[in-house]
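Visitor: I am new here. Could you show me what we will be talking about, and then explain the words as we go?

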Amino acid sequence: MNKDNPKITIEDIINEINYLTDEEIDKLKSAYEYAKEVHKNQKRLTGDAYIKHLLNVVHILITLNADSDTLIAGMLHDVINIGGVKEEDIKDKFGDDVAMLVSGITQINRLNYNGTNETMIANHRKILVGLTKDVRVIFIKLADRLHNMRTIYMLSDEKKKENAKETLEILTPIAHRLGINKIKSELEDLSLRYLKPDVYFSIVERLNKSKNERNKFVEEMMDNVSTLLNEHRIKHEIKGRAKSIYSIYKKLDKGKRFSDIYDLLALRVFVDTIPDCYQAMGLVHSKFRPVPKRFKDYIAMPKNNMYQSLHTTVFGPNGNFFEIQIRTYEMDEVAERGIASHWSYKEQGKNLMKGMEEKLQFFRSIMEIDENSEEIDTKMEDLKDTIYVYTPKGDVIELPYGSTPIDFAYRVHSKVGDSMVGAIVNEQIVPLDYVLQDNDVIKINTNKTSTPSKNWLEIAYTNQAKNKIRSYFNKIDKAEYLKKGEELLTKEFRKKKISVSETLSGDNLKKILDDLHLANINDLYINVGSGKISVSHVINSEDDTKEETILNKVIKDNVDSEYKGDIIVEGIDDIKVNRAKCCTPVKDDDIVGYIQTGIGINIHRSICPNISNIKERLISVRWNDKTDKKYSTNIMVYTDGMKDLIFDIASVTQSNGLTLKRINNIKMDGKYSFEIKVSVPDKEVLDKYMNALSTIEDVTGVERIIK
Ligand code: MN
């Protein structure tokens with residue numbers, strides 16, 4: 001069971017790799033020398049030199065055919081966190097790509113997991129994936145964890161259980177979605193061993209007891225099948241298959257009896273081609289009666305993680321059930337190494353980064369698809385959670401149970417979804433909220449001029465469909481705002497007899513955009529059209545900048561840099577948290593976290609329009625009651641005239657016990673407005689302060705600014 005190899009050497013590793021160039025091998029060797037030096041005084045809890053952990057991690061990565069950068073990063077994965085080295089040093093010695101991978105693994109290894117409920121667990125998985133810029137970082141993480149789990153026996157029982165729980169909740173689901181079965185099933189077995197040692201060892205014992213008998217049956221069946229295939233000249237190999245202890249545990253846990261678990265007796269047949277798979281399956285069924293409902297064609301209908309194979313269970317000689325899987329060698333590669341199987345050395349070189357980019361996209365999309373069908377992970381065998389439905393042409397579409405014709409239409413193509421007017425299922429018209437059933441044949445009626453309806457968001461079941469509907473409305477809203485904004489500005493400019501083409505071009509345009517923190521003229525139109533920025537603000541924008549007050553120069557703009565600890569991200573400690581500059585939330589505001597790839601979590605107010613269309617990257621966060629920090633935020637004070645209220649505002653601020661960090665006056669439509677930056681401990685104080693501001697004579701409105 002314990003595959004840790006404390007005696008492994010760099011020579012063993014190099015002897016084993018057969019796919020790197022000499023140059024890459026030299027680089028790996030120098031990474032080894034470097035890591036050995038960095039960790040020279042460090043030991044693992046097992047008493048082994050630290051470098052042995054790194055060699056083992058690299059060894060695991062080789063079984064995935066990892067590319068040279070990943071192997072090197074695997075060797076260096078602890079030099080920052082454990083060895084105290086700077087990222088710059090890695091960049092200098094091993095290049096940008098390796099440094100990026102090492103920094104990625106360092107970042108996710110710093111996440112401190114303390115999840116106790118489903119939301120926290122899902123959050124944690126989401127963050128781990130969201131932070132990862134490159135899927136190769138996840139491979140290193142899995143290899144690191146696998147070796148840690150192999151050498152966990154030194155830890156206290158409590159620590160063992162903690163590690164096992166985290167592995168099962170966070171890492172094996174990710175390994176499963178990436179299809180990396182090799183690592184996944186070993187991680188599961190190791191986790192079960194430490195989480196429920198009694199159960200684990202009782203299964204091991206029962207398997208051992210029945211081993212001789214089972215081997216006899218399996219060998220007999222292998223002979224039978226082999227003879228049958230040879231008679232029909234199908235080139236093949238057959239292997240007996242050991243069922244993982246964890247998968248037996250899952251079945252016992254569902255109430256099955258040990259003797260009833262079909263696939264205790266299991267074989268796997270390997271053939272060269274897909275037609276051979278079907279032919280072999282036909283032959284097996286012609287000789288051994290199949291058990292009803294146990295035949296599955298994952299070749300025509302691959303699982304989401306790309307797994308392909310034919311599965312059947314048959315009545316074998318002596319009345320035993322046999323589970324038989326038939327697949328090509330290529331499919332077996334995918335079954336064992338999943339997404340990493342596409343990582344053959346042939347692909348390396350020029351296209352490597354592009355390939356990896358695509359894989360990461362794929363990886364994210366898997367995480368998304370499965371997000372609302374979490375259950376599939378634990379009930380892979382239970383097909384009720386997944387349905388297979390058909391297009392009129394007979395194409396198969398896999399959807400989670402609960403999906404509606406809307407989900408189907410968007411799964412086929414966004415264009416089909418966006419122009420859908422109705423659905424016909426098995427030749428009958430159904431309402432759009434009809435819940436699709438296994439084997440339904442679905443025809444979607446479309447009309448080019450038709451558009452989605454907002455209440456589809458309530459009816460659609462999959463995140464994929466919901467995201468596509470949202471993005472449709474997002475685009476539409478934007479187009480409308482753009483048109484409206486352009487009209488509004490043109491009209492206003494004409495009224496004031498200002499030349500549009502002169503004002504909104506060249507340096508002048510740049511100045512306006514900079515001032516309003518906008519990227520281009522379309523953004524300007526959209527913001528004006530949606531009412532976020534008033535027309536007069538744009539027109540006067542030019543003057544504002546000249547009218548910076550003296551106060552502005554005196555008061556320094558302090559940005560909160562120490563923010564960690566103020567915000568609690570459920571389930572995670574030690575993650576970088578930044579307060580968004582657009583909506584400057586203060587304590588007790590309703591807030592939400594946005595996962596920014598490779599950076600951390602940005603905190604926005606829930607009402608901030610900048611995050612309203614990116615639900616899939618949002619996670620729930622809350623304020624830590626215990627903090628007593630101050631938060632700067634931006635307020636706009638509108639007035640009715642040209643009176644300079646700076647001193648009135650300053651005195652109200654002072655009497656509320658607050659400090660002004662900045663104040664600007666802005667001329668709008670011949671009236672003064674004041675933009676204030678102020679520091680407050682929480683929302684209550686801020687509300688009270690804004691109230692006080694609104695009582696100043698000539699003030700017509702006070703509001704918080706969202707940019
Ligand atoms: Mn490590």
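**How the labels are earned**

Visitor: Let me begin with a pair. Are Lys184 and Glu188 buried or exposed?
Guide: Both of them are buried. That word means under 20% relative accessible area, while exposed means over 50% and partly exposed lies in between (1.4 Å probe, protein chains only).

Visitor: What kind of model is this?
Guide: It is a predicted model, where local features need pLDDT of at least 70, side-chain atom pairs count only at pLDDT 80 or more, and totals for chains, interfaces and linings use all residues. Residues are numbered from 1 along each chain as its sequence is written, and side-chain values use heavy atoms, with hydrogens and water left out.

Visitor: What makes Lys184 and Glu188 a salt bridge?
Guide: The rule asks for a side-chain nitrogen of Lys or Arg within 4 Å of a carboxyl oxygen of Asp or Glu. Here the closest N and O atoms are 3.9 Å apart. That is inside the limit, so the name applies. Both residues lie in helix α10, four residues apart, about one turn of the helix.

Visitor: What counts as a helix or a strand?
Guide: Both are DSSP runs, numbered from the N terminus: helices are H or I, at least four residues, and strands are E, at least two.

Visitor: How many salt bridges does the structure hold?
Guide: It holds 20. In general, side chains of opposite charge can pair when their charged atoms come close. One of the bridges joins Lys93 and Asp89, at 3.0 Å from N to O. These two are four residues apart in helix α5 (residues 87–94), so about one helical turn separates them.

Visitor: How do you know that Lys93 is partly exposed?
Guide: Its relative accessible area is 47%. That falls between the two cut-offs, so "partly exposed" fits. Asp89, at 26%, gets that label too.

Visitor: Which helices does the bridge of Arg150 and Glu186 link?
Guide: The side chains meet at 2.6 Å, N to O. Arg150 is in helix α8 and Glu186 in helix α10 (residues 181–195), 36 residues apart, so distant parts of the chain are linked. Arg150 has a relative accessible area of 9% and is buried. Glu186, at 10%, is buried as well.

Visitor: How do you know that the length of α8 agrees with its residue count?
Guide: The expected span is 1.5 Å times one less than the number of residues. For the 16 residues of α8 (residues 135–150) that gives 22 Å, and the end C-alpha atoms are 23 Å apart, which agrees. Of those 16 residues, 15 are buried.

Visitor: What caps the N-terminal end of α8?
Guide: Asp134 does: a side-chain oxygen lies 2.8 Å from the backbone nitrogen of Arg136. Asp134 also belongs to a network of salt bridges with Asp67 and Arg136.

Visitor: What makes an atom a donor of the manganese ion?
Guide: Donors are N, O and S atoms within 2.8 Å of the metal (3.2 Å for Na, K and Ca); water is not among the atoms, so sites may look incomplete. His53 (NE2), His77 (NE2), Asp78 (OD) and Asp144 (OD) lie 2.2 to 2.4 Å from the manganese ion. Those distances are inside the limit, so these are its protein donors. Their spacing along the chain is H-x23-H-D-x65-D. His77 and Asp78 are buried.

Visitor: Why is there no disulfide between Cys608 and Cys582?
Guide: A disulfide is a pair of cysteine sulfur atoms within 2.5 Å. The sulfur of Cys608 is 3.7 Å from that of Cys582, its closest cysteine sulfur, and that is too far for a bond. The whole structure has zero disulfides. Cys608 is buried at 1%, and Cys582 is buried at 14%.

Visitor: Why is the pair of Phe315 and Phe321 called tilted?
Guide: Rings of Phe, Tyr and Trp (its six-membered ring) pair if their centres lie within 6.5 Å; planes under 30 degrees apart are stacked, over 60 edge-to-face, and the rest tilted. The structure has nine aromatic pairs. In this one the centres are 5.1 Å apart and the planes meet at 50 degrees, so it is tilted. Tyr472 and Phe473, at 5.3 Å and 85 degrees, form an edge-to-face pair.

Methods
A polar contact is a pair of N or O atoms within 3.5 Å; within protein, one must be able to donate a hydrogen and the other to accept it, and residues adjacent in sequence count only if both atoms are side-chain atoms.
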